[in-house]
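Student: Got time to go through a structure with me? I'd like to ask a few things as we look.
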Amino acid sequence: MLVKRGIAVSPGVAIGPAWLFGAERLRVRHYTTKSAIESDIARFHAALDAVCAEIEKNQQIANEQLGEQYGAIFGAHLLMARSPQLSDEVERLIREKIHTPEHACKQVLERYAEVFRNLGNQYHAERAHDINDLQSRLLRQLLGLQRQELGDLTKPVLVLAHNLTPSETASLKKEFVLGFATEVGGATSHTAILAGALELPAVVGIGEFLSEIESGDKVIIDGNRGEVIINPVESVLAEYLESQQKFRTSYAVLESERAAEPFTADGTHIQLLGNIEFPVEAEHCLERGAEGIGLYRTEFLYLGAETEPTEDDHYNAYCQVIQALGDREVVIRTMDLGADKVPTIGARSSDEAQPAEMPNPALGLRSIRISLQDLKGFKTQLRAILRAARHALPRRVKIMFPMISSLYEFRQAKMVLHDVMDDLDEAGLPFQREVAVGMMVEVPSAAILAEEFAAEVDFFSIGTNDLIQYTLAVDRGDPAVSSFYRTGDPAILRLIRMVVTAADNHNIPVTVCGQMSSDPKFLPLLIGMGIRQISVTPHSIPELKAVLRQLTIPQCKDIAAHAEWLGLSRSVENYLQGELRKICPQLGR
Ligand code: PEP
Ligand code: MG
(Lines give C-alpha, C1' and ligand atoms only; values in the text may rest on other atoms or scores of the structure.)
(Ligands and ions follow the chains in the order given, each with its own letter.)
Protein backbone atom coordinates (compact mmCIF):
# COMPACT_ATOMS: atom_id res chain seq x y z
CA MET A 1 0.00 0.00 0.00
CA LEU A 2 1.23 3.46 -0.89
CA VAL A 3 -0.23 6.73 0.44
CA LYS A 4 0.30 9.96 -1.51
CA ARG A 5 -0.72 13.33 -0.16
CA GLY A 6 -1.90 16.31 -2.18
CA ILE A 7 -4.41 19.11 -1.97
CA ALA A 8 -8.07 18.22 -1.41
CA VAL A 9 -10.12 20.25 -3.89
CA SER A 10 -13.46 18.51 -4.15
CA PRO A 11 -14.92 16.43 -1.31
CA GLY A 12 -16.01 12.80 -1.21
CA VAL A 13 -14.36 9.38 -1.41
CA ALA A 14 -13.91 7.46 -4.66
CA ILE A 15 -12.76 3.84 -4.80
CA GLY A 16 -12.01 1.94 -8.00
CA PRO A 17 -9.45 0.91 -10.61
CA ALA A 18 -6.82 3.43 -11.67
CA TRP A 19 -6.79 4.69 -15.23
CA LEU A 20 -3.64 6.50 -16.22
CA PHE A 21 -4.36 9.29 -18.62
CA GLY A 22 -1.76 10.39 -21.12
CA ALA A 23 1.02 8.22 -19.70
CA GLU A 24 1.45 5.74 -22.55
CA ARG A 25 4.80 5.18 -24.23
CA LEU A 26 4.49 4.49 -27.95
CA ARG A 27 7.33 2.70 -29.77
CA VAL A 28 7.45 2.91 -33.55
CA ARG A 29 9.38 1.26 -36.34
CA HIS A 30 11.20 3.78 -38.56
CA TYR A 31 11.36 2.25 -42.06
CA THR A 32 8.94 0.45 -44.31
CA THR A 33 9.66 -1.27 -47.67
CA LYS A 34 9.15 0.11 -51.16
CA SER A 35 6.51 -2.49 -51.92
CA ALA A 36 4.51 -1.41 -48.83
CA ILE A 37 4.46 2.32 -49.64
CA GLU A 38 0.99 2.42 -51.20
CA SER A 39 -0.61 0.29 -48.51
CA ASP A 40 1.13 2.35 -45.80
CA ILE A 41 -0.24 5.56 -47.30
CA ALA A 42 -3.71 4.02 -47.31
CA ARG A 43 -3.16 2.96 -43.69
CA PHE A 44 -2.21 6.53 -42.78
CA HIS A 45 -5.39 7.92 -44.36
CA ALA A 46 -7.56 5.32 -42.66
CA ALA A 47 -5.98 6.23 -39.30
CA LEU A 48 -6.49 9.93 -39.98
CA ASP A 49 -10.17 9.34 -40.80
CA ALA A 50 -10.62 7.31 -37.63
CA VAL A 51 -8.97 10.06 -35.57
CA CYS A 52 -11.27 12.68 -37.11
CA ALA A 53 -14.27 10.50 -36.24
CA GLU A 54 -12.99 10.24 -32.65
CA ILE A 55 -12.60 13.99 -32.36
CA GLU A 56 -16.08 14.55 -33.80
CA LYS A 57 -17.47 12.18 -31.19
CA ASN A 58 -15.74 14.14 -28.43
CA GLN A 59 -17.12 17.30 -29.88
CA GLN A 60 -20.61 15.88 -29.74
CA ILE A 61 -20.19 14.82 -26.10
CA ALA A 62 -18.91 18.27 -25.13
CA ASN A 63 -21.78 19.89 -27.06
CA GLU A 64 -24.32 17.77 -25.22
CA GLN A 65 -22.81 18.13 -21.76
CA LEU A 66 -21.63 21.73 -21.80
CA GLY A 67 -23.02 23.44 -24.87
CA GLU A 68 -21.85 24.07 -28.38
CA GLN A 69 -19.51 26.84 -27.51
CA TYR A 70 -17.55 24.35 -25.47
CA GLY A 71 -17.61 21.71 -28.19
CA ALA A 72 -15.87 24.25 -30.40
CA ILE A 73 -12.62 23.34 -28.62
CA PHE A 74 -12.62 20.12 -30.59
CA GLY A 75 -13.37 22.00 -33.80
CA ALA A 76 -9.84 23.40 -33.63
CA HIS A 77 -8.41 19.87 -33.24
CA LEU A 78 -10.39 18.76 -36.23
CA LEU A 79 -9.08 21.59 -38.39
CA MET A 80 -5.55 20.59 -37.52
CA ALA A 81 -6.16 16.89 -38.31
CA ARG A 82 -7.73 17.74 -41.64
CA SER A 83 -5.08 20.19 -42.78
CA PRO A 84 -3.88 19.23 -46.31
CA GLN A 85 -0.35 20.26 -45.32
CA LEU A 86 -0.20 17.50 -42.70
CA SER A 87 -1.33 14.83 -45.18
CA ASP A 88 1.07 16.07 -47.87
CA GLU A 89 4.10 16.11 -45.60
CA VAL A 90 3.42 12.67 -44.15
CA GLU A 91 2.83 11.18 -47.59
CA ARG A 92 6.05 12.73 -48.86
CA LEU A 93 8.10 11.17 -46.06
CA ILE A 94 6.56 7.76 -46.69
CA ARG A 95 7.20 7.95 -50.44
CA GLU A 96 10.56 9.66 -50.52
CA LYS A 97 12.22 8.48 -47.31
CA ILE A 98 10.46 5.10 -47.04
CA HIS A 99 9.36 6.01 -43.51
CA THR A 100 6.63 4.02 -41.83
CA PRO A 101 3.45 6.12 -41.46
CA GLU A 102 4.01 6.01 -37.68
CA HIS A 103 7.51 7.48 -37.97
CA ALA A 104 6.42 10.00 -40.60
CA CYS A 105 3.55 11.25 -38.40
CA LYS A 106 5.93 11.57 -35.47
CA GLN A 107 8.50 13.48 -37.52
CA VAL A 108 6.01 15.95 -38.95
CA LEU A 109 3.94 16.57 -35.83
CA GLU A 110 6.94 16.81 -33.51
CA ARG A 111 8.37 19.48 -35.77
CA TYR A 112 5.08 21.42 -35.71
CA ALA A 113 4.89 21.16 -31.92
CA GLU A 114 8.49 22.35 -31.57
CA VAL A 115 7.74 25.44 -33.68
CA PHE A 116 4.80 26.33 -31.46
CA ARG A 117 6.73 25.65 -28.24
CA ASN A 118 9.50 27.98 -29.37
CA LEU A 119 7.06 30.83 -29.96
CA GLY A 120 7.13 31.17 -26.22
CA ASN A 121 3.76 32.35 -25.00
CA GLN A 122 1.14 30.39 -23.12
CA TYR A 123 -1.30 30.10 -25.98
CA HIS A 124 1.25 28.67 -28.37
CA ALA A 125 2.50 26.26 -25.72
CA GLU A 126 -1.06 24.98 -25.46
CA ARG A 127 -1.24 24.52 -29.23
CA ALA A 128 1.92 22.40 -28.98
CA HIS A 129 0.07 20.29 -26.43
CA ASP A 130 -2.84 19.90 -28.88
CA ILE A 131 -0.42 18.76 -31.61
CA ASN A 132 1.10 16.16 -29.27
CA ASP A 133 -2.38 14.97 -28.53
CA LEU A 134 -3.10 14.56 -32.25
CA GLN A 135 0.18 12.66 -32.64
CA SER A 136 -0.73 10.21 -29.85
CA ARG A 137 -4.16 9.62 -31.36
CA LEU A 138 -2.69 8.92 -34.79
CA LEU A 139 -0.04 6.56 -33.42
CA ARG A 140 -2.55 4.64 -31.38
CA GLN A 141 -4.71 4.19 -34.45
CA LEU A 142 -1.78 3.13 -36.62
CA LEU A 143 -0.44 0.73 -34.02
CA GLY A 144 -3.90 -0.65 -33.33
CA LEU A 145 -3.61 0.26 -29.67
CA GLN A 146 -6.56 0.77 -27.41
CA ARG A 147 -7.24 4.45 -27.28
CA GLN A 148 -6.87 6.18 -23.98
CA GLU A 149 -9.62 8.69 -24.35
CA LEU A 150 -11.36 10.46 -21.51
CA GLY A 151 -14.65 10.77 -23.37
CA ASP A 152 -14.52 7.11 -24.37
CA LEU A 153 -14.50 5.38 -21.01
CA THR A 154 -17.06 2.65 -20.62
CA LYS A 155 -16.34 1.45 -17.09
CA PRO A 156 -16.10 3.52 -13.91
CA VAL A 157 -12.48 4.41 -13.13
CA LEU A 158 -10.39 6.90 -11.19
CA VAL A 159 -8.49 9.15 -13.59
CA LEU A 160 -4.87 9.73 -12.61
CA ALA A 161 -2.91 12.23 -14.69
CA HIS A 162 0.07 14.51 -14.60
CA ASN A 163 -2.24 17.38 -15.34
CA LEU A 164 -5.74 17.90 -16.62
CA THR A 165 -6.50 21.06 -18.53
CA PRO A 166 -9.77 22.82 -17.70
CA SER A 167 -11.17 21.52 -21.01
CA GLU A 168 -10.15 17.92 -20.26
CA THR A 169 -11.69 18.22 -16.80
CA ALA A 170 -14.93 19.49 -18.24
CA SER A 171 -15.09 16.55 -20.67
CA LEU A 172 -15.05 13.94 -17.87
CA LYS A 173 -18.22 11.87 -17.99
CA LYS A 174 -19.59 11.50 -14.50
CA GLU A 175 -20.92 7.97 -15.02
CA PHE A 176 -17.44 6.65 -15.81
CA VAL A 177 -15.15 8.91 -13.84
CA LEU A 178 -15.46 8.42 -10.11
CA GLY A 179 -12.82 10.95 -9.19
CA PHE A 180 -9.42 12.23 -10.30
CA ALA A 181 -5.99 13.00 -8.99
CA THR A 182 -3.19 14.97 -10.64
CA GLU A 183 0.50 15.49 -10.01
CA VAL A 184 0.30 19.27 -10.45
CA GLY A 185 -2.28 21.99 -9.72
CA GLY A 186 -3.31 24.08 -6.73
CA ALA A 187 -6.40 24.43 -4.53
CA THR A 188 -7.82 27.37 -6.40
CA SER A 189 -6.57 26.49 -9.88
CA HIS A 190 -9.23 26.41 -12.56
CA THR A 191 -9.10 22.63 -12.86
CA ALA A 192 -9.86 22.45 -9.14
CA ILE A 193 -12.74 24.88 -9.51
CA LEU A 194 -14.19 22.74 -12.32
CA ALA A 195 -13.82 19.58 -10.19
CA GLY A 196 -16.07 21.25 -7.64
CA ALA A 197 -18.57 22.20 -10.34
CA LEU A 198 -18.64 18.56 -11.54
CA GLU A 199 -18.88 17.30 -7.95
CA LEU A 200 -16.11 14.72 -8.40
CA PRO A 201 -13.84 13.81 -5.46
CA ALA A 202 -10.46 15.23 -6.48
CA VAL A 203 -6.93 15.68 -5.18
CA VAL A 204 -4.35 17.81 -7.03
CA GLY A 205 -0.73 18.83 -6.51
CA ILE A 206 0.43 15.37 -5.40
CA GLY A 207 3.86 15.62 -7.02
CA GLU A 208 5.34 12.79 -9.08
CA PHE A 209 3.51 9.52 -8.44
CA LEU A 210 2.35 8.11 -11.78
CA SER A 211 5.50 6.03 -12.20
CA GLU A 212 4.56 4.11 -9.07
CA ILE A 213 1.18 2.99 -10.31
CA GLU A 214 -0.30 1.00 -13.20
CA SER A 215 -3.68 1.22 -14.87
CA GLY A 216 -6.00 -1.23 -13.11
CA ASP A 217 -4.41 -0.90 -9.65
CA LYS A 218 -6.96 -0.43 -6.90
CA VAL A 219 -6.98 3.17 -5.71
CA ILE A 220 -8.80 5.32 -3.17
CA ILE A 221 -9.13 9.06 -3.75
CA ASP A 222 -9.97 10.82 -0.52
CA GLY A 223 -11.18 14.27 -1.56
CA ASN A 224 -11.83 15.21 2.07
CA ARG A 225 -8.29 14.67 3.36
CA GLY A 226 -6.38 15.12 0.11
CA GLU A 227 -4.98 11.58 -0.05
CA VAL A 228 -4.54 9.00 -2.76
CA ILE A 229 -4.07 5.44 -1.52
CA ILE A 230 -2.67 2.94 -4.00
CA ASN A 231 -3.36 -0.78 -3.51
CA PRO A 232 -4.86 -0.35 -0.03
CA VAL A 233 -4.64 -3.21 2.48
CA GLU A 234 -7.94 -4.89 3.41
CA SER A 235 -8.42 -3.03 6.70
CA VAL A 236 -7.91 0.39 5.08
CA LEU A 237 -10.22 -0.49 2.21
CA ALA A 238 -12.93 -1.60 4.65
CA GLU A 239 -12.53 1.62 6.62
CA TYR A 240 -12.89 3.68 3.46
CA LEU A 241 -15.90 1.75 2.19
CA GLU A 242 -17.56 2.59 5.49
CA SER A 243 -16.58 6.27 5.35
CA GLN A 244 -17.75 6.44 1.72
CA GLN A 245 -21.12 5.16 2.85
CA LYS A 246 -21.21 7.71 5.70
CA PHE A 247 -20.35 10.52 3.29
CA ARG A 248 -23.16 9.45 0.95
CA THR A 249 -25.65 9.27 3.81
CA SER A 250 -24.70 12.66 5.20
CA TYR A 251 -24.79 14.10 1.68
CA ALA A 252 -28.27 12.67 1.17
CA VAL A 253 -29.36 14.24 4.46
CA LEU A 254 -27.87 17.54 3.35
CA GLU A 255 -29.79 17.34 0.09
CA SER A 256 -32.91 18.10 2.09
CA GLU A 257 -31.25 21.42 2.96
CA ARG A 258 -31.38 22.63 -0.65
CA ALA A 259 -34.81 24.11 -0.26
CA ALA A 260 -34.25 25.36 3.31
CA GLU A 261 -34.37 29.11 3.87
CA PRO A 262 -30.89 30.54 4.41
CA PHE A 263 -31.44 32.08 7.83
CA THR A 264 -29.36 31.83 10.98
CA ALA A 265 -31.03 30.27 14.05
CA ASP A 266 -31.79 33.80 15.29
CA GLY A 267 -33.38 34.89 12.03
CA THR A 268 -30.73 36.77 10.02
CA HIS A 269 -30.88 36.23 6.29
CA ILE A 270 -27.56 35.30 4.68
CA GLN A 271 -27.71 35.46 0.91
CA LEU A 272 -26.23 32.32 -0.65
CA LEU A 273 -25.25 32.81 -4.27
CA GLY A 274 -23.47 30.47 -6.70
CA ASN A 275 -20.26 30.76 -8.74
CA ILE A 276 -20.45 29.59 -12.36
CA GLU A 277 -18.09 29.27 -15.30
CA PHE A 278 -20.49 28.15 -18.05
CA PRO A 279 -24.09 29.20 -18.76
CA VAL A 280 -25.30 25.59 -18.40
CA GLU A 281 -24.33 25.70 -14.74
CA ALA A 282 -26.93 28.37 -13.95
CA GLU A 283 -29.76 25.81 -13.67
CA HIS A 284 -27.57 23.55 -11.63
CA CYS A 285 -26.92 26.39 -9.20
CA LEU A 286 -30.62 26.97 -8.65
CA GLU A 287 -31.21 23.24 -8.16
CA ARG A 288 -28.67 23.36 -5.36
CA GLY A 289 -30.62 26.13 -3.65
CA ALA A 290 -28.70 29.26 -4.71
CA GLU A 291 -30.56 32.56 -4.58
CA GLY A 292 -28.73 33.95 -7.58
CA ILE A 293 -25.35 34.00 -9.32
CA GLY A 294 -22.75 35.93 -7.35
CA LEU A 295 -19.90 35.32 -9.79
CA TYR A 296 -20.12 34.43 -13.46
CA ARG A 297 -16.54 33.94 -14.67
CA THR A 298 -17.03 35.02 -18.29
CA GLU A 299 -13.43 34.34 -19.35
CA PHE A 300 -14.46 30.72 -19.85
CA LEU A 301 -16.28 31.91 -22.95
CA TYR A 302 -12.81 32.11 -24.47
CA LEU A 303 -11.83 28.55 -23.58
CA GLY A 304 -10.82 26.83 -26.79
CA ALA A 305 -12.05 29.68 -28.98
CA GLU A 306 -9.83 30.39 -31.96
CA THR A 307 -11.30 33.78 -32.63
CA GLU A 308 -12.51 36.61 -30.45
CA PRO A 309 -16.08 35.84 -29.23
CA THR A 310 -18.50 38.03 -31.15
CA GLU A 311 -21.01 40.33 -29.51
CA ASP A 312 -23.64 37.69 -30.31
CA ASP A 313 -21.59 34.94 -28.60
CA HIS A 314 -21.42 37.09 -25.47
CA TYR A 315 -25.06 38.14 -25.74
CA ASN A 316 -26.37 34.58 -26.15
CA ALA A 317 -24.39 33.31 -23.17
CA TYR A 318 -25.59 36.14 -20.91
CA CYS A 319 -29.20 35.78 -22.07
CA GLN A 320 -29.07 32.06 -21.24
CA VAL A 321 -27.95 32.81 -17.68
CA ILE A 322 -30.34 35.74 -17.19
CA GLN A 323 -33.29 33.71 -18.45
CA ALA A 324 -32.45 30.76 -16.20
CA LEU A 325 -32.29 33.08 -13.20
CA GLY A 326 -35.73 34.68 -13.65
CA ASP A 327 -35.82 37.76 -11.43
CA ARG A 328 -32.87 36.68 -9.28
CA GLU A 329 -29.62 38.59 -9.34
CA VAL A 330 -26.68 37.80 -11.64
CA VAL A 331 -23.21 39.24 -11.17
CA ILE A 332 -21.39 39.15 -14.51
CA ARG A 333 -17.67 39.60 -14.10
CA THR A 334 -15.91 41.03 -17.14
CA MET A 335 -13.15 38.86 -18.55
CA ASP A 336 -10.36 37.90 -16.21
CA LEU A 337 -8.02 36.63 -18.90
CA GLY A 338 -4.36 35.75 -18.60
CA ALA A 339 -2.17 34.28 -15.82
CA ASP A 340 -3.26 30.68 -15.04
CA LYS A 341 -6.51 31.22 -16.87
CA VAL A 342 -7.52 31.39 -20.47
CA PRO A 343 -4.94 33.15 -22.66
CA THR A 344 -6.05 36.14 -24.68
CA ILE A 345 -6.95 35.84 -28.32
CA GLY A 346 -4.70 38.88 -28.84
CA ALA A 347 -1.79 36.82 -27.55
CA ARG A 348 -2.73 34.15 -30.07
CA SER A 349 -2.42 36.33 -33.10
CA SER A 350 0.12 38.94 -32.06
CA ASP A 351 2.94 38.59 -29.63
CA GLU A 352 2.66 42.26 -28.77
CA ALA A 353 -0.64 41.90 -26.92
CA GLN A 354 0.99 39.57 -24.43
CA PRO A 355 4.77 39.61 -24.18
CA ALA A 356 6.12 36.26 -25.31
CA GLU A 357 8.17 35.85 -22.15
CA MET A 358 6.01 37.05 -19.31
CA PRO A 359 8.31 36.51 -16.33
CA ASN A 360 5.47 36.49 -13.83
CA PRO A 361 2.06 36.13 -15.46
CA ALA A 362 0.07 36.62 -12.24
CA LEU A 363 1.72 40.04 -11.89
CA GLY A 364 1.70 40.75 -15.60
CA LEU A 365 -0.79 41.74 -18.22
CA ARG A 366 -3.92 40.13 -16.86
CA SER A 367 -7.62 40.73 -16.37
CA ILE A 368 -8.89 44.34 -16.34
CA ARG A 369 -5.45 45.48 -17.54
CA ILE A 370 -6.02 43.51 -20.73
CA SER A 371 -9.60 44.81 -21.07
CA LEU A 372 -8.42 48.40 -20.75
CA GLN A 373 -5.77 47.84 -23.43
CA ASP A 374 -8.09 45.98 -25.77
CA LEU A 375 -10.92 48.50 -25.70
CA LYS A 376 -12.62 46.98 -28.72
CA GLY A 377 -13.00 43.58 -27.04
CA PHE A 378 -13.96 45.18 -23.72
CA LYS A 379 -16.66 47.30 -25.35
CA THR A 380 -18.01 44.27 -27.22
CA GLN A 381 -18.46 42.46 -23.94
CA LEU A 382 -20.04 45.46 -22.18
CA ARG A 383 -22.46 46.06 -25.06
CA ALA A 384 -23.58 42.44 -24.87
CA ILE A 385 -24.05 42.58 -21.09
CA LEU A 386 -26.10 45.79 -21.26
CA ARG A 387 -28.24 44.42 -24.09
CA ALA A 388 -28.82 41.10 -22.35
CA ALA A 389 -29.60 42.88 -19.06
CA ARG A 390 -32.68 44.33 -20.71
CA HIS A 391 -34.26 40.90 -20.13
CA ALA A 392 -33.85 41.30 -16.36
CA LEU A 393 -35.40 43.64 -13.82
CA PRO A 394 -33.51 46.91 -13.23
CA ARG A 395 -30.34 46.42 -11.14
CA ARG A 396 -30.70 42.61 -11.14
CA VAL A 397 -27.73 42.38 -13.46
CA LYS A 398 -24.57 43.60 -11.84
CA ILE A 399 -21.34 44.25 -13.71
CA MET A 400 -18.17 43.48 -11.83
CA PHE A 401 -14.63 44.45 -12.80
CA PRO A 402 -11.88 41.98 -11.79
CA MET A 403 -8.37 42.66 -10.44
CA ILE A 404 -8.93 46.35 -9.80
CA SER A 405 -5.78 47.70 -8.19
CA SER A 406 -6.26 51.47 -8.31
CA LEU A 407 -9.05 54.03 -8.28
CA TYR A 408 -7.86 55.25 -11.65
CA GLU A 409 -8.39 51.78 -13.12
CA PHE A 410 -11.94 51.54 -11.75
CA ARG A 411 -12.77 55.01 -13.06
CA GLN A 412 -11.39 54.13 -16.48
CA ALA A 413 -13.45 50.94 -16.63
CA LYS A 414 -16.58 52.82 -15.60
CA MET A 415 -15.91 55.48 -18.20
CA VAL A 416 -15.73 52.81 -20.90
CA LEU A 417 -19.07 51.47 -19.65
CA HIS A 418 -20.63 54.92 -19.99
CA ASP A 419 -19.15 55.32 -23.47
CA VAL A 420 -20.78 52.03 -24.42
CA MET A 421 -24.14 53.25 -23.08
CA ASP A 422 -23.78 56.39 -25.22
CA ASP A 423 -22.93 54.28 -28.28
CA LEU A 424 -25.99 52.08 -27.72
CA ASP A 425 -28.16 55.18 -27.27
CA GLU A 426 -26.83 56.63 -30.48
CA ALA A 427 -27.43 53.41 -32.37
CA GLY A 428 -30.95 53.27 -30.96
CA LEU A 429 -30.39 49.79 -29.55
CA PRO A 430 -32.41 48.82 -26.47
CA PHE A 431 -30.39 48.08 -23.31
CA GLN A 432 -30.63 48.18 -19.53
CA ARG A 433 -29.20 51.36 -18.08
CA GLU A 434 -29.97 50.34 -14.50
CA VAL A 435 -27.07 48.04 -13.74
CA ALA A 436 -25.08 48.01 -10.52
CA VAL A 437 -21.35 48.42 -11.08
CA GLY A 438 -18.95 46.88 -8.60
CA MET A 439 -15.49 45.43 -8.28
CA MET A 440 -13.60 42.42 -7.06
CA VAL A 441 -11.40 43.12 -4.06
CA GLU A 442 -8.60 40.68 -4.75
CA VAL A 443 -5.48 42.83 -4.85
CA PRO A 444 -4.23 44.07 -1.44
CA SER A 445 -4.16 47.69 -2.65
CA ALA A 446 -7.93 47.53 -3.23
CA ALA A 447 -8.52 46.31 0.32
CA ILE A 448 -6.21 48.93 1.79
CA LEU A 449 -8.03 51.70 -0.11
CA ALA A 450 -11.48 50.17 0.47
CA GLU A 451 -12.82 53.40 2.04
CA GLU A 452 -11.98 55.37 -1.10
CA PHE A 453 -13.30 52.68 -3.43
CA ALA A 454 -16.50 52.29 -1.41
CA ALA A 455 -17.42 55.90 -2.18
CA GLU A 456 -17.42 55.10 -5.91
CA VAL A 457 -18.63 51.52 -6.36
CA ASP A 458 -22.08 49.95 -5.97
CA PHE A 459 -20.74 46.78 -4.37
CA PHE A 460 -17.64 44.83 -3.39
CA SER A 461 -16.93 41.16 -3.91
CA ILE A 462 -13.91 39.81 -2.07
CA GLY A 463 -11.92 37.35 -4.18
CA THR A 464 -9.96 35.52 -1.54
CA ASN A 465 -8.28 33.18 -4.05
CA ASP A 466 -6.22 36.00 -5.48
CA LEU A 467 -6.22 38.15 -2.34
CA ILE A 468 -4.37 35.35 -0.51
CA GLN A 469 -2.02 34.77 -3.45
CA TYR A 470 -1.04 38.45 -3.68
CA THR A 471 -0.96 39.19 0.05
CA LEU A 472 1.11 36.17 1.05
CA ALA A 473 3.14 36.06 -2.19
CA VAL A 474 2.11 32.45 -2.88
CA ASP A 475 1.28 31.20 -6.37
CA ARG A 476 -2.22 29.74 -6.01
CA GLY A 477 -1.51 26.99 -8.58
CA ASP A 478 1.91 25.86 -7.37
CA PRO A 479 1.86 22.78 -5.13
CA ALA A 480 5.45 23.46 -4.04
CA VAL A 481 4.26 26.43 -1.99
CA SER A 482 0.77 25.24 -1.12
CA SER A 483 1.64 25.01 2.60
CA PHE A 484 2.16 28.79 2.56
CA TYR A 485 -1.26 29.40 1.04
CA ARG A 486 -3.21 29.94 4.29
CA THR A 487 -6.76 31.20 4.10
CA GLY A 488 -6.84 31.80 7.86
CA ASP A 489 -3.80 34.05 7.87
CA PRO A 490 -4.32 37.04 10.22
CA ALA A 491 -3.29 39.38 7.37
CA ILE A 492 -6.19 38.08 5.27
CA LEU A 493 -8.66 38.48 8.13
CA ARG A 494 -7.37 42.03 8.68
CA LEU A 495 -7.92 42.92 5.00
CA ILE A 496 -11.41 41.41 4.98
CA ARG A 497 -12.23 43.40 8.10
CA MET A 498 -11.09 46.61 6.37
CA VAL A 499 -13.30 45.92 3.36
CA VAL A 500 -16.35 45.07 5.48
CA THR A 501 -15.91 48.23 7.58
CA ALA A 502 -15.60 50.43 4.48
CA ALA A 503 -18.66 48.80 2.88
CA ASP A 504 -20.57 49.34 6.10
CA ASN A 505 -19.53 53.00 6.33
CA HIS A 506 -20.76 53.60 2.79
CA ASN A 507 -23.76 51.33 3.03
CA ILE A 508 -22.86 49.12 0.08
CA PRO A 509 -23.15 45.31 -0.07
CA VAL A 510 -20.07 43.12 0.19
CA THR A 511 -19.86 39.48 -0.88
CA VAL A 512 -17.08 36.93 -0.43
CA CYS A 513 -16.79 34.90 -3.65
CA GLY A 514 -13.38 33.19 -3.31
CA GLN A 515 -13.15 29.52 -2.27
CA MET A 516 -12.90 30.60 1.39
CA SER A 517 -16.66 31.11 1.52
CA SER A 518 -17.35 27.56 0.24
CA ASP A 519 -15.52 26.10 3.25
CA PRO A 520 -18.02 25.73 6.13
CA LYS A 521 -15.41 26.33 8.84
CA PHE A 522 -15.05 29.95 7.69
CA LEU A 523 -18.81 30.62 7.66
CA PRO A 524 -19.20 31.63 11.34
CA LEU A 525 -16.10 33.84 11.02
CA LEU A 526 -17.36 35.64 7.91
CA ILE A 527 -20.82 36.17 9.39
CA GLY A 528 -19.26 37.35 12.64
CA MET A 529 -17.21 39.87 10.66
CA GLY A 530 -20.39 41.29 9.15
CA ILE A 531 -20.61 39.43 5.84
CA ARG A 532 -24.25 38.84 4.82
CA GLN A 533 -23.71 37.50 1.27
CA ILE A 534 -21.47 34.76 0.01
CA SER A 535 -21.04 33.31 -3.46
CA VAL A 536 -19.88 29.72 -3.46
CA THR A 537 -19.27 26.53 -5.43
CA PRO A 538 -22.83 25.27 -5.99
CA HIS A 539 -22.30 21.83 -4.49
CA SER A 540 -21.33 23.33 -1.14
CA ILE A 541 -24.66 25.17 -0.73
CA PRO A 542 -26.62 22.42 1.09
CA GLU A 543 -23.80 21.93 3.61
CA LEU A 544 -23.41 25.67 4.16
CA LYS A 545 -27.16 26.00 4.74
CA ALA A 546 -27.04 23.21 7.32
CA VAL A 547 -24.27 25.04 9.22
CA LEU A 548 -25.90 28.43 8.82
CA ARG A 549 -29.15 27.28 10.39
CA GLN A 550 -27.29 26.34 13.59
CA LEU A 551 -25.60 29.72 14.03
CA THR A 552 -26.58 32.84 15.92
CA ILE A 553 -25.15 36.30 15.26
CA PRO A 554 -23.74 36.82 18.81
CA GLN A 555 -22.06 33.39 18.61
CA CYS A 556 -20.51 34.27 15.21
CA LYS A 557 -19.29 37.62 16.56
CA ASP A 558 -17.58 35.83 19.48
CA ILE A 559 -15.95 33.36 17.07
CA ALA A 560 -14.75 36.18 14.80
CA ALA A 561 -13.40 38.18 17.75
CA HIS A 562 -11.40 35.18 18.98
CA ALA A 563 -10.14 34.22 15.51
CA GLU A 564 -9.04 37.79 14.79
CA TRP A 565 -7.15 37.87 18.07
CA LEU A 566 -5.10 34.76 17.24
CA GLY A 567 -1.68 35.42 15.75
CA LEU A 568 -1.01 32.39 13.53
CA SER A 569 -2.87 31.07 10.50
CA ARG A 570 -2.75 27.51 11.81
CA SER A 571 -4.21 28.56 15.17
CA VAL A 572 -7.01 30.38 13.35
CA GLU A 573 -7.83 27.42 11.11
CA ASN A 574 -7.61 24.83 13.92
CA TYR A 575 -9.79 26.99 16.14
CA LEU A 576 -12.42 27.41 13.39
CA GLN A 577 -12.36 23.68 12.63
CA GLY A 578 -12.95 22.94 16.33
CA GLU A 579 -15.86 25.39 16.49
CA LEU A 580 -17.42 23.86 13.38
CA ARG A 581 -17.21 20.41 14.97
CA LYS A 582 -19.06 21.72 18.03
CA ILE A 583 -21.69 23.54 15.95
CA CYS A 584 -22.35 20.75 13.46
CA PRO A 585 -21.04 17.42 14.79
CA GLN A 586 -23.14 15.62 12.16
CA LEU A 587 -20.85 16.89 9.40
CA GLY A 588 -18.23 14.53 10.77
CA ARG A 589 -15.30 16.87 10.03
C1 PEP B 1 -10.82 35.03 -6.50
O2 PEP B 1 -9.72 35.43 -6.88
O3 PEP B 1 -11.09 34.77 -5.30
C4 PEP B 1 -11.90 34.82 -7.47
C5 PEP B 1 -13.11 34.49 -7.07
O6 PEP B 1 -11.58 34.92 -8.79
P7 PEP B 1 -10.89 33.73 -9.65
O8 PEP B 1 -10.84 32.50 -8.78
O9 PEP B 1 -11.70 33.55 -10.86
O10 PEP B 1 -9.54 34.32 -9.91
MG1 MG C 1 -9.48 36.20 -8.86
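Student: Are Glu442 and Asp466 buried or exposed?

Tutor: Keep in mind that this is a predicted model. The cut-off for calling a residue buried is under 20% relative accessible area. Glu442 falls in that class, and Asp466 does too, so both are buried.

Student: Which protein donors does the magnesium ion (ligand 2) have?

Tutor: Look for side-chain oxygens lying 2.0 to 2.1 Å from the ion. One is an OE atom and the other an OD atom, from Glu442 and Asp466. Glu442 sits in the loop between β13 (436-441) and α15 (444-448), while Asp466 belongs to helix α17 (residues 464-472), so parts 24 residues apart in sequence get tied together by the pair. The donors, then, are Glu442 (OE) and Asp466 (OD).

Student: Why is strand β7 (residues 218-222) largely enclosed by the rest of the structure?

Tutor: Start with its partners: β3 (residues 13-21) runs antiparallel to β7 over 5 bridges, and β8 (residues 227-230) pairs with β7 in the antiparallel sense over 4 bridges. For the enclosure itself, count residues: β7 is largely enclosed because the buried ones number 4 of the 5.

Student: Which residue in β8 stands opposite Ile220?

Tutor: β7 and β8 form a hairpin with 4 residues between the strands, where Gly226 takes a positive phi near 75°. Across the antiparallel pairing of β7 and β8, the residue opposite Ile220 is Ile229.

Student: What relative accessibility does His314 have?

Tutor: His314 is in helix α10 (residues 311-325). Its contacts beyond four places in sequence include Leu301, Tyr302, Met335 and Gln381. His314 counts as buried because its relative accessibility is 1%.

Note on methods: Residues are numbered from 1 along each chain as its sequence is written. Chains are lettered from A and ligands numbered from 1 in the order in which they are written. This is a predicted model: local features need pLDDT of at least 70, side-chain atom pairs count only at pLDDT 80 or more; totals for chains, interfaces and linings use all residues. Side-chain values use heavy atoms; hydrogens and water are left out. Buried means under 20% relative accessible area, exposed over 50%, partly exposed in between (1.4 Å probe, protein chains only). Helices (H or I, at least four residues) and strands (E, at least two) are DSSP runs, numbered from the N terminus. Two strands pair if DSSP finds at least two bridges between them. Donors are N, O and S atoms within 2.8 Å of the metal (3.2 Å for Na, K and Ca); water is not among the atoms, so sites may look incomplete. Contact means heavy atoms within 4.5 Å.
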